[in-house]
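Visitor: I would like a close look at the salt bridges of this protein, with enough of the overall fold to place them. Could you take me through them slowly?

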Amino acid sequence: MMDNSPNRPFWETKSLADMTQDEWESICDGCGLCCLTKLQDEDSEEIVYTRVVCPYSDPKTAACSDYANRSLNVPTCVNLTLERVAEFDWLPDTCGYRILLRGDPLPDWHPLVSGRRASVQAAGVGLLAIPVVVDQPGLDYEDYLMEKP
């Protein structure tokens, strides 16, 4: 049972399923790690990360330049839902949705806790801590493999 004390922030008193759309969106820390291109082995189904991001991902901010249309612009870009957060084990362990789904508290660097978006970068979390490459025709993703962040 969630503690519904009025003095506690919503992410400590509500389940992910009970959050409003605005609350849900604010759980995203803006790290951009979910935007890294991933490859899946056809035989083992293992998913590996690359340092490649789509052309809509801004390497200077880790933000999507057309967030509202991200799934139209890039058909492989998926909107995160409660079911998908639970299913997508490729999401980084630092993902706010995954953290709350596990029942853990948000880390001190999360913008909802720190009150600052810059705390994500200061903590060394996210795209801004990785030398990313913007996708372009002819790019060989296997040249940019990396460990799961």
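Guide: In this predicted model, the secondary structure amounts to seven helices and five strands, and read along the sequence these follow the pattern α-α-β-β-β-α-α-α-α-α-β-β. The radius of gyration is 16 Å, close to the 15 Å that the globule rule gives for 149 residues, so the protein is as compact as a globular protein of that length. Along its principal axes, the C-alpha trace spans about 55 × 35 × 30 Å. Of the contacts between residues at least 6 apart in sequence, 54% join residues at least 24 apart.

The surface is the next part of the setting for the charged side chains. The accessible surface comes to about 9,200 Å², and 50% of it belongs to carbon and sulfur atoms, while 33% of the 149 residues count as buried. The protein carries 12 positive and 25 negative side chains, and the centres of these two sets lie 7 Å apart.

Against that background, the count of salt bridges comes to four, and among them are the three pairs described here, beginning with Arg-8 and Glu-12. The closest N and O atoms of Arg-8 and Glu-12 are 2.6 Å apart, and since a salt bridge requires a side-chain nitrogen of Lys or Arg within 4 Å of a carboxyl oxygen of Asp or Glu, this pair forms one. Arg-8 is partly exposed, with a relative accessible area of 36%, and Glu-12, at 31%, also counts as partly exposed.

Lys-14 forms a salt bridge with Glu-23, and here the closest N and O atoms are 2.8 Å apart. The two partners fall into separate classes of exposure, which can be followed from the cut-offs: buried means under 20% relative accessible area, exposed means over 50%, and partly exposed covers what lies in between. Glu-23 has a relative accessibility of 16% and therefore counts as buried, whereas Lys-14 has a relative accessible area of 26% and is therefore partly exposed.

Further along the sequence, the side chains of Arg-102 and Asp-104 meet in a salt bridge, with a distance of 3.1 Å from N to O. Arg-102 has a relative accessible area of 45%, which makes it partly exposed, and Asp-104, with 34%, is partly exposed as well.

Terms used
Residues numbered from 1 in each chain as written. Predicted model: local features only at pLDDT ≥ 70, side-chain atom pairs only at ≥ 80, totals over all residues. Heavy atoms only, no water. Helix = DSSP H or I, 4+ residues; strand = E, 2+ residues; numbered from the N terminus. Rg over C-alpha atoms; globule rule 2.2 N^0.38 Å. Buried < 20%, exposed > 50% of the residue type's maximum accessible area, 1.4 Å probe, protein only. Contact = heavy atoms within 4.5 Å. Areas by Shrake-Rupley, 256 points an atom, 1.4 Å probe, with all protein chains shown as cover. Lys, Arg positive; Asp, Glu negative; His and termini not counted. Charge placed at Lys NZ, Arg CZ, Asp CG, Glu CD.
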